[in-house]
Every structure is written in C-alpha cells, then in structure tokens.
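Trainee: Could you take me through one part of this model slowly, as you would at the screen? I would like to understand how its surroundings fit together.

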Amino acid sequence: MKRFFQPLQKDTSFKKPTLSSSSPTSTNNGETTTPPFLEDEDNKTQKKEPTKFLTWNANSFLLRVKNNWPEFTKFIDAIDPDVISIQEVRMPAAGAKGAPKNPRELKDDNNSSREEKLIITRALSGPTFRKYNVWWSLSDSKYAGTALFVKKCFTPKKVSFNLDGSVSKHEADGRVIIAEFESFRIMNTYVPNNGWKDEENAFQRRRKWDKRMKEFVLQSTDKPLIWCGDLNVSHEEIDVSHPDFFQSAKMNGYIPPNEEDCGQPGFTLSERKRFGSILKEGKLIDAYRFLHKEKDMERGFSWSGNPIGKYRGKRMRIDYLLVSETLKDRIVKCEMHGQGIELEGFYGSDHCPVSLELAEPTIESTNGSN
C-alpha cells in the first residue's frame, strides 16, 4: 500500500556468505521447473507436498538482506516454512538499457546491479535459504516485484506468472507467481494499491485488477487454491485499528465523486465489496479470521504506519493467506508475527510476516479435491 514509513539506510556492515549454484530452470514453452533434488539429512521429509506457508511484504528485499538478514533468517529457521512468498522485492529485471527485460532474472549489466545481485545471491546461499529454489517475477525498475521460495524437496509441476494462463508472460510489475502442485496451487500476489483518485493508475487500475482476479479464481476450480500476499485491502472494520480514521482519510483534501471510493486506500467500501465478492463467489476462506474471531489490537494487523506522525499506531490487516473451502478442515494455524506500535517482528519492513500451517491431507480429502 502507499507507504507512511521511512526506509532504513544502507548498512555497510553486511557480511557476505558463500555463493550457491542451485536454481530453477526454464523449459522451451516458458514453464519453469526445478532440477532434481537429492535430500540430505537436513531436508528429509515424509510430506509429499508443502503444508507450511509464509507470506511477507519485505518493502525492498535488498534492504532487508543488508539490514535485517540475521534476525530474519533466525525467524525462518524457527518457523521452517515449506513455501515463502515475498512481495515488494524491488529489484530490477535483467536487461540492458533499451533492451528487452527478463523478469525472471536479477539485473546485472552494470557495476551497481552486479554488486546488488551478488549480495542477494550470497545471502540466499547461506544455510537457511539454500534449502529453497527461488522464482523471481520482477519489474523493469526497483518497484513492486515478487519472489517465491519453495523447499527443494517439493517440486512444483508448473510455475507461471500471469493471471491469463500464459506461462511465458509476466504480469505488469511482476505482481504474480503461481506454483502448481499435484493437489493444489499457490498464488503469490502483490495487489496494486488503490490510490486516492479516480484516474487511470489508481481506482481504474485496481478495478480492472479485481475483475481479472475474480475471473481467475472462478476459472481455477480444478484444484484447491492457496492465495497469499499483500492484497492491499482490509475486508472488515475488525481488520483495521481505527475504522473512523481510515474511513475519513483524504489526500490533500480530495473527495472522489463516488462515495464508495472515499477513504484510505485499502479500506474504501468499493474495494472491500469487490474483495468480499471474490471470497464468496470463489469459495475462499480467510485462514486468519477463520481461527481468530475477535479483534486483537496488539497482534491482529499486518501493516503498521510510521511510528512518527499521524499514522502512529494506525494499523491494517492487508496481508492474507486465503484457502479454498475444500481446505478449510485442514487449517491448523495462521499467525501474524509482528506486534505493537514499534513494529516488533517486522524486520525493517512496514509489514510483518504471516504464516499458515495445514494438516497433512487424509485419503478422503485428497480424493475430494480431484
């Protein structure tokens, strides 16, 4: 969402670990697969598919690697997710100036981009992240972008990057990654911010996005869906800390012509109605709200405003793990891992990680999803 948060400055004390050579490969038809993986003692598993998921808007993955990596990797070690979905990677796609971009690869055609790529690659070669394969979907510049990390012991059948079903084409700004497994698919999205005005790059863009997302969900009924990421909407009043504040928020005094578009981006009535329609018609369950019925002022929000200024203490739940109704009975745990006005557990971002754990499928539930 629109930030009211000061990014951290560069930390020159970052230490670079050793490089890794493991990476996914691309097929001729654009689908992305992973190389075969032989499990070692640290990666032995009896699970056939992922059951533990984590989503996080990093608000610049490079800054998090430079400034927050030791504490974040310690957190990942403790949670031990099978799949990690990252939004707002904010690393540019490969491709020289004026040349076609490759949104699957980090830019490395000049000294600064090579250094940044090296920092990322070395960080991901450490003990925590070398257990994962990573897919990137990147913007042309340091904006938006998503990444998906999947443990190497779980190989997706297919990875794609577009809501329209094209495996070779990426959504604008790298906003989507979809990994398909045998019995479900997981979709990582960074949903466009609604903005404050009824113009092409704000309200209209978001309406078009929501329409396409609804079409995708309604058409993807062949297997259960796990939809995660920064969805840039707080569904109900319980999902924001100060409903009256957000409902009456304005940017420079501007009031949209449609009353349902008034208020804080992410909490306008029009966005909330469209989101509710996707959940209802797409038969999706909000895993966090399914388990947590009451408002939690301390731990119940995934985004928090700048600790200094009028947004201090103003918080929203805009990061989700949604699952198809057929997975409802398998929901074990869904937690937000940040708390408080001072952003404890946010690891330098203005969003905190959110995790989901599903129970292993039974024979009945496996048969029922086919």
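Mentor: Happy to; we will start from a single strand, follow the charged groups around it, and then move on to a second set of salt bridges and a cavity. Keep in mind throughout that this is a predicted model.

Let's begin with strand 4 (83-87). This strand is mostly covered, with five of its five residues buried. In a regular strand, side chains alternate between the two faces of the sheet. Here Val83, Ser85 and Gln87 point one way, while Ile84 and Ile86 point the other way, and all are buried.

Now look at what strand 4 pairs with. Strand 3 (residues 52-57) runs parallel to strand 4, and five bridges join the two. As a landmark, find Phe53, whose bridge partner in strand 4 is Val83. To get from strand 3 to strand 4 the chain passes through helix 1, making a right-handed β-α-β crossover. Strand 4 also pairs with strand 8 (residues 146-151), this time in the antiparallel sense, again over five bridges. Ser85 is a good place to check that pairing, as its bridge partner in strand 8 is Leu148.

Next, step back along the chain to the loop between helix 1 (61-79) and strand 4, where you will find Asp80. The side chain of Asp80 meets that of Lys131 in a salt bridge, with 3.8 Å from N to O. Lys131 sits in the loop between helix 2 (111-124) and strand 7 (132-137), so this pair links distant parts of the chain, 51 residues apart. Are the two partners buried or exposed? Asp80, at 27% relative accessibility, counts as partly exposed, whereas Lys131, at 18%, counts as buried because the cut-off for buried is under 20%. The pair also belongs to a network of salt bridges that links Lys47, Asp80, Asp82, Lys131 and Lys151.

A search of the whole structure finds 27 salt bridges, and those of Arg317 deserve a visit too. Arg317 forms a salt bridge with Asp239, and their closest N and O atoms are 2.9 Å apart. Arg317 lies in the loop between strand 15 (315-316) and strand 16 (319-324), and Asp239 in the loop between strand 12 (225-230) and helix 4 (243-247), so the contact ties together parts that are 78 residues apart in sequence. Arg317 counts as buried at 1% relative accessibility, and Asp239 counts as buried at 2%. The side chain of Arg317 meets that of Asp286 as well, in a salt bridge of 2.6 Å, N to O. Asp286 is in strand 13 (residues 284-286), 31 residues from Arg317, and both of these residues are buried.

Let's finish at the cavity. The structure holds one cavity of 30 Å³ or more, and the volume of the largest cavity is about 70 Å³. Its lining includes Val191, Trp209, Met213, Trp227 and Phe275. Helix 3 (203-219) and helix 5 (269-281) each supply at least two residues of that lining, and helix 3 gives the largest share, four residues. By character, the lining divides into eight nonpolar residues, no polar ones and three charged ones. Arg206, Asp210 and Glu271 are also among the lining residues, if you want to pick them out.

Notes: Residues are numbered from 1 along each chain as its sequence is written. This is a predicted model: local features need pLDDT of at least 70, side-chain atom pairs count only at pLDDT 80 or more; totals for chains, interfaces and linings use all residues. Side-chain values use heavy atoms; hydrogens and water are left out. On a 1 Å grid over the protein atoms alone, a cavity is a set of points where a 1.4 Å probe fits but cannot get out, and a pocket is an open set with protein on both sides within 12 Å along at least five of seven lines; lining residues have an atom within 4 Å of a point. Grid points are joined across faces, edges and corners, and a volume is the space filled by probe spheres set on the points. Ala, Val, Leu, Ile, Met, Phe, Trp, Tyr, Cys and Pro count as nonpolar, Asp, Glu, Lys and Arg as charged, and the others, Gly among them, as polar. A salt bridge is a side-chain nitrogen of Lys or Arg within 4 Å of a carboxyl oxygen of Asp or Glu. Buried means under 20% relative accessible area, exposed over 50%, partly exposed in between (1.4 Å probe, protein chains only). Two strands pair if DSSP finds at least two bridges between them. A crossover is right-handed if, with the strands pointing away from the viewer, the path from the first strand over the helix to the second runs clockwise.
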